[in-house]
Amino acid sequence: MVRRKKTTIFTDAKETTTVRELKKIIQGIMKVEPENQQLMNERGTEIFDDDKQLSDYNLSAQTARAQSPATVALVFRQENGEFESLDITPLSSPPELPEVMKPQETQAHEVN
């Protein structure tokens, strides 16, 4: 899962995929050249090197699954040549289900 501001991109990549290859996937979606992208961990504390594989950043089948994807942060180069600050809008939580949609407690009936 690649996140930037309010944008979330879900993509499937292998542990052996390089950061550069992931940037090319993002380029196909976001229309931003790989050299104008910077990928990092979701806290922004580690910038990913283009020549390294995703597994070098602990992104593997053990840490990233369809039901629980790993998050990679994305920032773009601004017109002044600097990369923008990391900004990821938190995902919203779904609203609580209305009472009529909640599972009903089945009452045990004793058969005599």
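User: How many bridges join E3 to E4, and do these strands run parallel or antiparallel?

Analyst: As a general idea, strands of a sheet pair through backbone hydrogen bonds, either parallel or antiparallel. In this predicted model, E3 and E4 run antiparallel and are joined by five bridges; one pair to look for is Met40, whose bridge partner in E4 is Ala73.

User: In which sense do E1 and E4 pair, and in which sense do E1 and E2 run?

Analyst: E1 and E4 pair in the parallel sense, over two bridges, and here Val2 stands opposite Val72 in E4. Strand E1, residues 2-4, is joined to E2 by three bridges, and these two strands run antiparallel, with Arg4 opposite Thr7 in E2.

User: What is the order of the strands in the sheet, and which of them are the edge strands?

Analyst: The four strands form an open sheet in the order E2-E1-E4-E3, and the pairing is mixed. The edge strands are E2 (7-9) and E3 (37-41), each of which pairs on one side only. If direction is ignored, neighbouring strands of this sheet are turned by 30 degrees against each other on average.

User: Which strands does helix H1 touch as it packs on the sheet?

Analyst: Helix H1, residues 19-30, touches E1, E2, E3 and strand E4 (72-76), and its direction makes about 120 degrees with that of E3. The length of H1 can be checked as well, because at 1.5 Å a residue its twelve residues should span 16 Å, and its end C-alpha atoms are indeed 16 Å apart.

User: Which residues of H1 are buried, and where do they fall when seen down the axis of the helix?

Analyst: The general idea is that an α-helix has 3.6 residues a turn, so residues three or four places apart point the same way. In H1 the buried residues are Val19, Leu22, Lys23 and Ile26; seen down the axis, the buried residues of H1 fall within an arc of 100 degrees, so they line one face of the helix. These buried residues pack against E1, E2, E3 and E4. After H1 comes Lys31, whose phi is positive, near 60 degrees.

User: How many residues of E4 are buried, and which lie on each side?

Analyst: Five of the five residues of E4 are buried, with "buried" taken as under 20% relative accessible area. Val72, Leu74 and Phe76 lie on one side and Ala73 and Val75 on the other, so to read E4 is to find both of its faces covered.

User: Where does UniProt place the "domain: Ubiquitin-like" feature?

Analyst: The UniProt record, an unreviewed entry, places this feature at residues 1-63. Over residues 1-63 the chain is 19% helix and 17% strand, and the end C-alpha atoms are 12 Å apart.

Note on methods:
Residues are numbered from 1 along each chain as its sequence is written. This is a predicted model: local features need pLDDT of at least 70, side-chain atom pairs count only at pLDDT 80 or more; totals for chains, interfaces and linings use all residues. Side-chain values use heavy atoms; hydrogens and water are left out. Two strands pair if DSSP finds at least two bridges between them. Axes are lines fitted to C-alpha atoms, for helices over the stretch in contact, and angles run from 0 to 180 degrees between N-to-C directions. Contact means heavy atoms within 4.5 Å. The expected span of a helix is 1.5 Å times one less than its number of residues. Buried means under 20% relative accessible area, exposed over 50%, partly exposed in between (1.4 Å probe, protein chains only). The arc is that of the directions from the helix axis to the C-beta atoms. UniProt positions are given in the numbering used here, feature names are shortened, and annotations may be inferred rather than shown by experiment.
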